[in-house]
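Hi everyone, thanks for making time. I'd like to walk you through one structure today, so let's put it up on the screen.

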Amino acid sequence: MNYLDYTVRKAREGEEDLQTDLLILFLLDGEMTVRYYGEEIHMCRDDILLINPGTEYVMDHAHSALYGVASYSASLTAQIMGGRTLSLYADSVNDTLHSYQDIREILIDLTADYTYRRHQTDARKASLLLKLLDHLIENYSVRQSNDGLKEGESDVRMQQMMQYIISHINEEVNLSALAEQMYVSASTLSRIFRKKTGVYFADYVMQLRVRSSLRLLNYSDQNLTQIAMNCGFSNSASFSRAFRKIMHMSPSEYRDRNRENARKDEKHQIEEEQEIRQKLLEKGYQESSGERKCHISLDQTEVIPEEYERVWDKAVNIGSLYSMTNANIQFHVLYLQEHLHFSIIRLWNIFSVKTQVSDGKSLGQYNFDIINQALDFLVKNHLRPFLDFGRRPDTAIRTGGETVYYNEEYILFESREIWEDILSSFIDNIVNRYGQQEVSKWIFELSYDGFHQERSALYQDLHYDFFEAWKTLYGLIRSSIPEAEIGGISSVIDNDIAFNTEFYGKCVEGHCVPDFASFLLFPYENKGSAPYLTANPDMEVEQVLRIRQMMQDCGIGDRKLYITEWNNTIANRNFLNDSCFRSAYLAAGVIDLWGKTDLLCVMGGTDWVSIYYDTNRVINGGVGLLTKDTIRKPAFFVLAFLNELGPQFLSRGKNYIITRNEKNELIVLFHHFSWFRKEMIPGDEQVNLDEVRKIRFEDEKPLKIELNLLHMDPSGVYAIKNRRLNTSSGSLMDKWRHLGFESDLTREEIKYLQAVSIPEIELERGSTDTEGTLKITVELDVQEVVLMHIYRRRKN
C-alpha cells in the first residue's frame with residue numbers, strides 16, 4: 001500500500017514504536033528527548049530527526065512538546081528508489097554538516113497546510129511531501145563504499161538491512177542474497193543484526209511483517225488471507241500463528257477490538273486535533289506561497305542620475321597603534337588597501353604601555369620610536385592615520401558582559417600637566433617628522449567610553465572633566481595642524497544621549513565645535529547592566545536619525561557624521577562574524593543608511609587583533625574581514641561588491657540599489673537580509689559553529705526579484721553577469737564544514753580553502769521585448785547577496 005502523510009501530534013512520555021514507515025520528526029514547540037539507535041537526542045524547537053524504517057524509538061522528557069511527523073510507506077520509498085537501497089541520515093541536533101534549512105522550510109509549509117486545511121484535496125500536501133523526500137534523497141543520503149565492512153559502519157549497514165527487509169516484506173527475504181549485495185558474509189550480517197537488535201534475523205522479519213499488517217487490519221477491508229499475502233506470509237494460518245505470538249491475540253480479535261476502540265476515541269481525537277491546530281495558529285504557522293516576490297521597474301529616461309560619496313570604503317578599524325608594528329597586521333592592512341581600497345586606518349591607544357612612550361610620571365621624557373615605526377609604515381604606503389586619543393582596554397569580547405581577556409594598556413598619566421605636555425610633544429614630533437602637508441590629511445579624535453566611566457579618565461585629577469580634555473586636544477590640533485580634521489566622541493546615542501547633548505552644547509558655547517561628530521553603531525538595546533541584541537531590525541536607522549536630530553538641536557547639524565565602529569555584534573568570539581549573515585547585514589545597512597552618514601567604518605580589518613590562546617582554528621568568530629591566514633570572509637566580499645557600484649546613483653529600495661558606471665552600464669546590488677526571529681535572538685553572543693546553523697530568521701522564504709528595465713535598446717542583446725555570495729559560494733565557514741571543521745590543517749589545505757571560498761559567477765543573456773523592456777529575474781536565499789552587471793553585448 002503506497003501512502004504518504006503529514007500530521008501533528010502531542011508528544012507523550014514513554015511513547016514508543018517499531019514501525020515500517022520512514023518518519024521525519026519536526027519539533028514545533030517545547031522540548032523532548034528521543035531514544036534512538038542507543039542515543040538520547042534532546043530536541044528543541046525546529047530540530048529535525050529522521051527515523052529509518054524498521055527501527056525502534058522512544059520519547060522521553062516530553063515537556064509540552066508538539067511535533068510534526070511526515071511518514072512514507074516502505075512500498076512508496078521502494079517504488080521511488082527503483083529497487084535501490086535507501087539509507088538516510090538527518091539529525092539536526094548532532095549533524096554539523098548540513099544547515100537543514102531546505103527541509104525545514106518544507107516542513108513549515110506542511111505544518112501551515114495542516115493548520116489551515118484550505119485546499120480541497122490533498123494534492124498540495126502530497127506535493128510537499130514528495131519534495132521533502134526528494135531533498136532527503138539528494139542531500140541526506142549516506143553513501144558507503146563497496147570494499148567490505150569497516151569499523152564504524154555497522155549502524156549504516158543496519159539501515160541498509162532494514163531497508164532491504166522492508167522493501168521485500170511481502171516476498172521472500174533472503175539473508176544470503178542480502179549479504180552478497182552488501183559485499184559481506186551472511187554470518188557477519190547475522191552477527192551484526194543480533195548484536196544491534198537482540199533478536200535473530202528471521203524473528204525480526206516476522207515481527208515487522210506483523211507490524212505491517214496492523215495498518216491493513218485497522219484501515220482496510222481486506223480479508224485475512226489477502227492481508228497475509230500482502231505482508232509476506234505464505235498463508236493465513238502462518239499469519240495467524242505469527243500474529244498471536246507477537247500481539248497475544250488473533251488478527252480477527254485485534255481488528256474487532258481496535259475498531260471498537262477507534263470509535264470510542266474518535267471524539268477525543270477530533271477535540272485534540274482542534275486543540276493542536278489552535279495552538280499552531282497561535283504559534284504563527286501560516287500558509288505561504290513558498291517564496292516572496294519583489295517587483296522593480298526602472299525607466300532610465302525618467303531618472304536623474306545623482307553623484308554620491310562612498311562612505312564604506314574610506315576607513316577601517318585595525319586596533320591599537322602598537323598592533324601596527326606587527327608584520328602580519330601590516331600585511332593585512334596592505335591587502336585591504338589593495339583589494340578594498342581603504343585609505344584611512346583607524347587606531348587607538350596611541351599612548352599605551354606597549355609603545356613605551358612614557359612612564360606617565362616624568363614630565364618631558366618621551367620616546368616616540370615605536371609610535372613612529374607604526375606611523376612610518378602608514379605614511380610610506382600612502383595611508384592616512386585616524387588617531388583616537390581616547391582610552392580603551394585591550395580586550396576580546398565574548399558577550400556584552402563577558403570578556404576572553406581584558407588588559408588596561410593605556411598609560412594613566414599622573415597629572416593633567418604631563419598628559420597635555422605629551423600631547424603637545426607628540427604633535428610637534430609628527431609635524432617635524434612628516435611635514436605639515438602630510439599631517440594635515442590626518443584625522444584626530446577623542447573618544448569617550450560611556451560603558452566604563454570609572455576607567456575613562458585620561459589623567460589623574462580630582463576634578464577631571466572630559467570636556468576640558470577635549471578642549472585641550474582641540475586647541476593643540478587647531479594651532480599646530482589647522483587643516484586636519486578633529487572630532488569625537490565615538491559614543492552610543494542610546495547610552496549617552498544626555499552626556500552627548502551636554503558635551504556638544506558646550507562645544508558650541510566654547511567655540512571648539514568638532515569637524516565631525518562620531519558614534520558607534522551596533523544593534524543593541526540596554527537591558528540592565530549589559531547591552532543585548534535588539535529585536536528591532538530598524539534600530540540602527542532609527543539611531544542615526546536620532547543622532548542627526550540631536551546634532552541639529554545642539555547647533556552642529558552642519559557637521560559631518562562619522563560612524564567609527566559598525567558591526568552586527570560587539571563580540572569577537574561569535575561565528576556570525578564569519579557567516580553570510582554578516583555580509584547581508586552590511587549590504588542592507590549600507591542601503592538603509594544611504595545618504596545619512598559621512599563615514600561607515602567597519603569593525604574591523606583583521607582577526608590578528610584578537611588573537612589569544614583560544615584562536616587556534618581556521619576561524620574563531622573574530623570581527624576581521626580577513627582571517628589570520630588571509631582567507632577572505634563573506635563580509636570582505638560584500639564590501640568588494642559595494643566597491644563595484646557605479647558612480648551614478650539611480651534607485652534603491654529595501655532589497656536593492658541600482659547604479660550606473662562610466663560606460664552607461666548598470667550595476668545592481670541585491671540582498672535578502674533577514675533579522676533574527678524574536679525567540680531566536682542570541683542572548684549569549686558567544687555563538688559557536690553548531691549554534692550558527694540553528695538560528696532562525698524572520699523571513700527565510702526565497703526572495704524572487706523581478707527587475708524591469710524600461711526604454712532600453714529595442715534590438716539590444718544584453719549580458720547579465722551575476723556574482724553570488726551565499727552559503728554555497730563565498731562562505732569560508734561552509735567550505736570548512738565540508739572538512740568537518742578540522743583545526744589541524746596543512747598549509748596546502750589552507751590554500752585550498754582560500755581558493756574555493758569565493759563568490760561564483762554566472763553569465764546569461766537577455767533581450768528586450770518589442771517595447772524595449774528588458775526583464776530580469778533573480779532569486780535569492782536568505783542572507784544571500786548578488787551583484788549584477790548588465791551591459792550591452794557587442795555584435796560579433
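**Aromatic pairs, cores and sheets**

Let's start with the rings: the count comes to 46 aromatic pairs, where rings of Phe, Tyr and Trp (its six-membered ring) pair if their centres lie within 6.5 Å, and planes under 30 degrees apart count as stacked, over 60 as edge-to-face and the rest as tilted. Phenylalanine 233 and phenylalanine 239 make a tilted pair, because their ring centres are 5.2 Å apart and their planes are at 45°.

Before I go on, some housekeeping. This is a predicted model, where local features need pLDDT of at least 70 and side-chain atom pairs count only at pLDDT 80 or more, while totals for chains, interfaces and linings use all residues. Residues are numbered from 1 along each chain as its sequence is written, and side-chain values use heavy atoms, with hydrogens and water left out.

Back to that pair: are the two rings buried or exposed? Buried means under 20% relative accessible area, exposed means over 50%, and partly exposed is in between (1.4 Å probe, protein chains only). Phenylalanine 233 comes out at 9% relative accessibility, so it counts as buried, and phenylalanine 239 is buried too, at 0%.

There's also an aromatic cluster, with Phe351, Phe389, Tyr410, Phe413 and Phe426 among its members. Two of those names come back in the largest nonpolar core: of its 135 residues, Phe351 and Phe426 touch the most other members. By nonpolar core I mean a set of buried Ala, Val, Leu, Ile, Met, Phe, Trp, Tyr and Cys residues joined through side-chain atoms within 4.5 Å. Helix 13, residues 416–434, gives the most to this core, with nine residues. Helices (H or I, at least four residues) and strands (E, at least two) are DSSP runs, numbered from the N terminus.

So what is phenylalanine 351 in contact with? Leaving aside neighbours within four places in sequence, its contacts (heavy atoms within 4.5 Å) include Val357, Ile371, Glu409, Ile422 and Leu423. Apart from this core lies another one, of 31 residues, with Ile24 and Leu129 among them.

Charges and rings meet here as well. The charged end of arginine 277 sits over the ring of tyrosine 114, 4.1 Å from its centre; the rule is NZ of Lys or CZ of Arg within 6 Å of the ring centre and within 35 degrees of the ring normal. Arginine 346 lies over the face of phenylalanine 386, at 5.5 Å from the ring centre.

On to the sheets. One is open, with three strands in the order 7-24-27 and mixed pairing; strands pair if DSSP finds at least two bridges between them. Its edge strands are strand 7 (292–299) and strand 27 (774–780). Strand 7 runs parallel to strand 24 over eight bridges, whereas strand 24 and strand 27 are antiparallel over seven bridges. Look along strand 27: Leu774, Ile776, Val778 and Leu780 point to one face and are buried, while Lys775, Thr777 and Glu779 point to the other and are not.

The other open sheet has seven strands, ordered 8-21-22-23-28-25-26, with antiparallel pairing. Strand 8 (306–307) and strand 26 (760–767) each have a single partner strand, so one side of each is left without a neighbour in the sheet. Strand 25 and strand 26 pair over eight bridges, and there isoleucine 720 has glutamate 764 as its bridge partner.
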